[in-house]
There are 2 protein chains.
Amino acid sequence: MITIALDAMGGDHAPRAEVEGAIAAARELGVRVLLVGIEATVREELERHKHPDLPIEIVNADEVITMNDSPSHAFRRKKGSSLHVAAHLVKDGKADALVTAGNTGAAMTVARFVIGTLPSVDRPALAAAFPNMKEKTSIVLDVGANVDSKPEQLEQFAVMGEIYYRAIWGTKRPRVALLSIGEEEMKGNELTREAATLLKQTALNFVGNVEGRDVFRGNVDVIVCDGFIGNIALKLSEGVVEQIGGMLKKAIKSSLASQLGYALSKRAFDTLRKSTDYSEYGGAPLLGVRGITIIGHGRSNPNAIKNAIRVAAELCRAHVNEKIEQELSAIAAVAARG
Amino acid sequence: MITIALDAMGGDHAPRAEVEGAIAAARELGVRVLLVGIEATVREELERHKHPDLPIEIVNADEVITMNDSPSHAFRRKKGSSLHVAAHLVKDGKADALVTAGNTGAAMTVARFVIGTLPSVDRPALAAAFPNMKEKTSIVLDVGANVDSKPEQLEQFAVMGEIYYRAIWGTKRPRVALLSIGEEEMKGNELTREAATLLKQTALNFVGNVEGRDVFRGNVDVIVCDGFIGNIALKLSEGVVEQIGGMLKKAIKSSLASQLGYALSKRAFDTLRKSTDYSEYGGAPLLGVRGITIIGHGRSNPNAIKNAIRVAAELCRAHVNEKIEQELSAIAAVAARG
């Protein structure tokens with residue numbers, strides 16, 4: 001049975017959301033969950049629910065990392081935290097995957113340096129899922145702030161993203177593209193032009209450059225970029241959604257007719273909200289770490305936690321890490337032969 | 001009287017939108033407009049309107065640049081185009097400003113190399129206006145695909161953007177920030193960290209780093225970035241708006257109640273649409289060129305053309321180019337002594 005080490009103290013609604021998500025996951029997904037956190041707090045929450053015979057255990061941790069802790073502070077000074085303890089469970093082979101809805105920077109740092117990276121991976125990459133107009137999903141990586149990436153690192157992101165996409169969405173030959181400023185081959189910066197040269201030599205279904213708006217058009221599946229750009233793109237998208245939501249609310253409040261209209265079309269808005277909702281996507285995997293690592297949004301509700309656990313289990317079952325190591329070491333061997 | 005050289009053949013609705021916009025501008029804004037384009041076509045359109053005594057003249061051009069022409073093809077092979085002729089009118093002092101809603105890449109290249117850049121400017125920068133949640137405007141520059149910028153170039157973008165912001169929005173000390181991946185000073189890539197060091201030494205009201213979502217929050221006025229990132233950010237924002245619009249339409253069509261609701265709240269949607277509408281912003285200035293240059297969206301309607309002319313005239317009246325040259329040459333002098 002696949003075992004998930006869940007940071008029970010991570011998200012904004014911890015440990016309630018984590019405990020409820022863990023119960024749902026254990027019940028529906030056939031996984032075992034280790035709830036890692038302040039034992040008394042987690043136990044109290046767990047006892048509020050009926051969960052006879054479910055494979056859920058509590059593992060104590062003495063500390064909690066907050067959203068305000070810097071990644072380096074969290075990594076160096078909070079070694080007794082639920083995140084650290086959960087990461088060590090994966091490192092020591094007591095769990096197959098780490099799931100957290102906590103501080104993203106801290107999670108990336110702790111996963112990378114406690115669990116370690118795969119031998120052929122330079123830098124783990126965080127992959128975010130974006131809903132697109134074809135009602136499918138495109139992923140963008142890295143969104144996790146790997147700045148000043150080298151062309152070889154973008155190539156690794158592409159390979160890892162493609163394997164992840166195949167595992168979760170079942171597409172046989174996902175279309176892989178570089179995020180750039182024009183579709184023509186000579187468009188882009190030094191980094192993307194050099195990465196394109198490398199990607200053309202791989203076995204990937206590399207389709208060239210796409211632009212910012214293609215993230216939502218559904219004409220490609222895996223979109224690769226430096227983490228500086230990916231992180232700005234992710235936060236910008238969240239910003240636009242927030243901005244439009246705010247404007248819509250204001251505009252609707254402006255008249256009685258609008259308010260009535262809104263009440264009548266509320267179901268339409270709810271559908272919209274759901275399709276832009278993180279919780280359906282189950283968090284972002286940090287690809288390239290020696291154990292599957294999923295980082296959920298801080299606002300994760302129980303459904304988001306359950307889905308993060310589902311994605312973690314699917315990536316374990318698909319042997320994603322073995323595939324990444326295999327493909328990247330093959331590419332490295334070709335490069336070494338020159 | 002300020003004279004505007006308007007590329008009458010540029011946008012998707014040329015020359016109709018251009019001619020109507022020019023008439024409105026000449027009537028309301030006290031400017032003289034030179035309509036540059038295929039003379040017979042422009043004259044035919046102009047004669048459909050009553051415009052007695054308005055300061056509008058036609059200047060013939062034999063060719064038209066299309067949206068499919070590459071910038072280099074447009075620049076090298078279409079020297080008789082309306083864009084080239086309009087740019088030459090500015091270069092030769094027969095007009096104060098160039099306004100076009102045509103091919104953005106071609107417009108940037110022709111403006112830069114026909115009209116030329118200001119002596120202290122390395123690269124002209126395209127500045128886009130974004131509506132923010134405080135119902136004000138933030139600008140982002142460069143969005144015009146200046147890739148692999150150097151720290152000194154970002155510093156120039158900041159100076160030019162600040163002067164533009166003061167001229168159009170009247171703010172005395174606009175808040176200037178670098179687009180990055182975290183607010184802390186050490187966050188960012190090599191480029192933004194070095195640019196921050198330079199910006200702290202200027203007289204600008206430099207407030208440090210902002211993240212992607214701050215583009216819409218209204219806590220800063222002028223947001224500076226490399227053109228690769230700015231261009232991706234601009235197109236991504238357009239993509240999100242397109243995506244949400246499409247999803248909303250679909251969701252609304254899904255039930256009769258929703259349709260009725262939509263009809264009742266239509267005015268709210270129209271307000272929303274208007275506040276995300278390019279045409280209200282009057283196009284993007286290409287800052288750093290020896291004559292004021294405004295590039296409008298290809299979809300520009302007459303109102304957008306009129307507003308682009310308005311912005312061009314305001315930038316002329318505010319002596320924006322003299323101010324840019326003065327501030328940048330002062331910075332260069334300090335650096336040389338440095």
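Tutor: Let's begin with how elements are named: helices (H or I, at least four residues) and strands (E, at least two) are DSSP runs, numbered from the N terminus. Please keep in mind that this is a predicted model.

Student: Good to know. Where does Asp148(A) lie in that scheme?

Tutor: Asp148(A) belongs to the loop between strand 6 (137-141) and helix 6 (151-169) of chain A. Its phi is positive, about 50°, although Asp148(A) is not a glycine.

Student: What makes Asp148(A) buried, exposed or partly exposed?

Tutor: The label depends on relative accessible area: under 20% is buried, over 50% is exposed, and partly exposed is in between. Asp148(A) has 32%, so it is partly exposed. His319(A) can be treated in the same way: at 44%, it is also partly exposed. His319(A) has a positive phi of about 50° too, although it is not a glycine, and is found in the loop between helix 11 (302-317) and helix 12 (320-337) of chain A.

Student: Let's turn to rings. How do you know which kind of aromatic pair Tyr164(A) and Trp169(A) form?

Tutor: A pair of aromatic rings is described by the distance of the centres and the angle of the planes. Centres must lie within 6.5 Å, and planes over 60 degrees apart count as edge-to-face. By this rule there are eight aromatic pairs over all chains. Tyr164(A) and Trp169(A) are 5.5 Å apart, centre to centre, with 75° between the planes, and that makes them edge-to-face. In chain B, the rings of Tyr164(B) and Trp169(B) have centres 5.4 Å apart and planes at 75°, so this pair is edge-to-face as well.

Student: What makes Tyr164(A) buried or exposed?

Tutor: The cut-off for buried is under 20%. Tyr164(A) has a relative accessible area of 1%, so it is buried, whereas its ring partner Trp169(A), at 29%, is partly exposed. In chain B, Tyr164(B) is buried at 1% and Trp169(B) is partly exposed at 29%. Tyr164(A), Tyr165(A) and Trp169(A) also form one aromatic cluster.

Student: How do you know that the charged end of Lys79(A) sits over the ring of Phe75(A)?

Tutor: For lysine, NZ has to be within 6 Å of the ring centre and within 35 degrees of the ring normal. The charged end of Lys79(A) is 5.7 Å from the centre of the Phe75(A) ring, and it counts as sitting over that ring. The charged end of Lys79(B) sits over the ring of Phe75(B), again 5.7 Å from the centre.

Student: On to the sheets. What makes strand 2 and strand 3 of chain B a pair?

Tutor: The rule asks for at least two bridges. Strand 2 (residues 32-37) and strand 3 (residues 56-60) of chain B are joined by five, so they pair, and they run parallel. One of the contacts to look up is Leu34(B), whose bridge partner in strand 3 of chain B is Glu57(B). With helix 2 (residues 39-47) of chain B, these two strands make a right-handed β-α-β unit.

Student: And how do you know in which sense strand 5 and strand 10 of chain A pair?

Tutor: Strand 5 (residues 125-131) and strand 10 (residues 284-287) of chain A have two bridges, in the antiparallel sense. At least two are needed, so they qualify as a pair. Leu286(A) in strand 10 of chain A is the bridge partner of Leu126(A).

Student: Why are some strands of the chain A sheet called edge strands?

Tutor: That sheet is open, with eleven strands in the order 3-2-1-4-11-10-5-6-9-7-8 and mixed pairing. Strand 3 (56-60) and strand 8 (205-210) of chain A each have a single partner strand, so one side of each is left without a neighbour in the sheet. From one strand to the next, the twist averages 25°.

Student: One last spot: what makes the peptide bond from Ala14(B) to Pro15(B) stand out?

Tutor: That bond is cis, with omega near -5°. Pro15(B) is in the loop between strand 1 (3-7) and helix 1 (16-29) of chain B. A cis peptide bond also joins Leu141(B) and Asp142(B), with omega about 0°.

Terms used
Residues are numbered from 1 along each chain as its sequence is written. Chains are lettered from A and ligands numbered from 1 in the order in which they are written. This is a predicted model: local features need pLDDT of at least 70, side-chain atom pairs count only at pLDDT 80 or more; totals for chains, interfaces and linings use all residues. Side-chain values use heavy atoms; hydrogens and water are left out. Rings of Phe, Tyr and Trp (its six-membered ring) pair if their centres lie within 6.5 Å; planes under 30 degrees apart count as stacked, over 60 as edge-to-face and the rest as tilted. Buried means under 20% relative accessible area, exposed over 50%, partly exposed in between (1.4 Å probe, protein chains only). A crossover is right-handed if, with the strands pointing away from the viewer, the path from the first strand over the helix to the second runs clockwise. Axes are lines fitted to C-alpha atoms, for helices over the stretch in contact, and angles run from 0 to 180 degrees between N-to-C directions.
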